[in-house]
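Q: Please take a close look at one single part of this structure and explain it to someone who has not seen it before. I would like to know what surrounds that part, and then how the neighbouring pieces are arranged.

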Amino acid sequence: MKTRAAVALEAGKPLVIEEVDLEGPKAGEVLVEIKATGVCHTDAFTLSGADPEGLFPSILGHEGAGVVLEVGVGVTSVQPGDHVIPLYTPECRQCEYCLSGKTNLCQAVRATQGKGLMPDGTSRFSLNGRMLHHYMGCSTFANHTVLPEIALAKIDPDAPFDKVCYVGCGVTTGVGAVLYTAHVEPGANVVVFGLGGIGLNVIQGARLAGADMIVGVDLNPARREMAERFGMTHFVNPNEVEGDLVGHLVELTKGGADYSFECIGNVNVMRTALECCHKGWGVSTIIGVAGAGEEISTRPFQLVTGRKWQGTAFGGARGRTDVPKIVDWYMKGKIEIDPLITHVLPLERINEAFDLMHEGASIRTVVTF
Ligand code: NAD
Ligand code: AHE
Ligand code: ZN
């Protein structure tokens, strides 16, 4: 079939809207009509050329929601008409990783996914006879896409696509990092670096967990108002801190953060996030994605004296199990999404979503088809 898509032809160039060719689902695969997709910082990161796994030409996008149109042979868990969220972290429930109970990083299709291909080693997308790569197993910047069955979470059919698409990455990553990875407990103090599409969801996750002090750190003062609405109790703009930021945060939290989260992708901030943690027990969680070749560093003494450094992908959420629950939390008003979607654009204007992000003017832009 033909479908409309925003194609990333090469790194650093705007996306191009094209009618692309899409092959139907093979065994174990599902054809989904994407109704809405968020634009995440990670899409911009890959488009910039800084992602070691970035492939071109490709169809980016990994934060979508849509409807199942057709299923391939052997598919049993979804059927045409089901409302679904594509999962860049699938959940096969059979691999060593899924069965371990210790991680959400299902490896069933990771090798081919990292090569921009479906599990059989081929792509379903092409443009004028030239193969286009899939992206993060999702490619939600296309009106139709094909995914493995294990990469679909079936959700409440009443949930609005243009809001819950954000659960496909940002909401789950932020809220999940607090609940599933860091396991923040009531009364804890939390420091969140970066109050964008991810960090604001960490803030609301911390509120949900019953955190006491929730400190937000951002260079953009315009982020303060929204962060306070989502539960931030103290705002710190590093540009307004005289002297050492670590010292300032340790003093503010009366000894250091019980939990900190880096939601930017800046390796220097990652160090600050670790070092502002409380001696003996503070845990710092890296969410931000850093560019090719970048490395983190600290004095080992920071770890010897009891601080812990960890990271999280997709908030530690097991996609098929947890994503439908998070959609339900939204439907019941337990978490908020609507105020974070600051812009809605048609596919034809998707490049403006990247501009708004780089200008710091948007929190999330949702593209509708
Ligand atoms: P965003 O652009 O919406 O937000 C980043 C925020 O950081 C902005 O508010 C910006 O003002 C602030 N900032 C930038 N430099 C700063 C500095 N030096 N000090 C303080 N604040 C600073 O991005 P996002 O969509 O929230 O994504 C954040 C990061 O998380 C990105 O690196 C993204 O790739 C990554 N991410 C990771 C996962 C995962 O599973 N681990 C999932 C989604 C996104
Ligand atoms: N491909 C990059 C890393 C990109 C990355 O860390 N991706 C996150 C999701 S970011 C979503 O916005 C992730 O899930 N990683 C785990 C995985 O298996 O991809 C690189 O550095 O090579
Ligand atoms: Zn993302």
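A: A residue counts as buried if 20 or more other C-beta atoms, placed from the backbone, lie within 10 Å of its own, as exposed if 12 or fewer do, and as partly exposed in between. The model is predicted, so local features need pLDDT of at least 70 and side-chain atom pairs pLDDT 80 or more, while totals for chains, interfaces and linings use all residues. Residues are numbered from 1 along each chain as written, and chains are lettered from A and ligands numbered from 1 in the order written.

The part chosen here is G24, which is partly exposed because 13 other C-beta atoms lie within 10 Å. G24 sits in the loop between β2 and β3 (29-39), where strands (E, at least two residues) and helices (H or I, at least four) are DSSP runs numbered from the N terminus. Once its neighbours within four places in sequence are set aside, G24 is in contact (C-beta atoms within 7 Å) with L31 and E70. In the case of E70, 46 residues of sequence separate it from G24, yet their C-alpha atoms are 8.1 Å apart in space.

On one side of this loop is β2, a member of an open, antiparallel sheet of four strands in the order β1-β2-β6-β7, with pairing taken to require at least two DSSP bridges. The edges of this sheet are formed by β1 (2-7) and β7 (130-132), and since each has a single partner strand, one side of each is left without a neighbour in the sheet. Direction ignored, neighbouring strands here are turned by 50 degrees against each other on average, with axes fitted to C-alpha atoms and angles running from 0 to 180 degrees between N-to-C directions. Strand β2 (residues 16-22) runs antiparallel to β6 (residues 125-127) and is joined to it by two bridges; within β6, S126 is the residue opposite D21.

Elsewhere in the model, an open sheet of six strands pairs in the parallel sense, in the order β12-β11-β10-β13-β14-β15. Its edge strands are β12 (234-236) and β15 (308-311), each pairing on one side only, and its neighbouring strands are turned by 20 degrees on average, direction ignored. Inside this sheet, β13 (residues 259-262) and β14 (residues 283-286) run parallel over four bridges, and E262 has I286 of β14 as its bridge partner. Helix α5 (residues 170-182) lies across β13, β14 and β15, at about 130 degrees to β14.

How values were computed
Contact = placed C-beta atoms within 7 Å.
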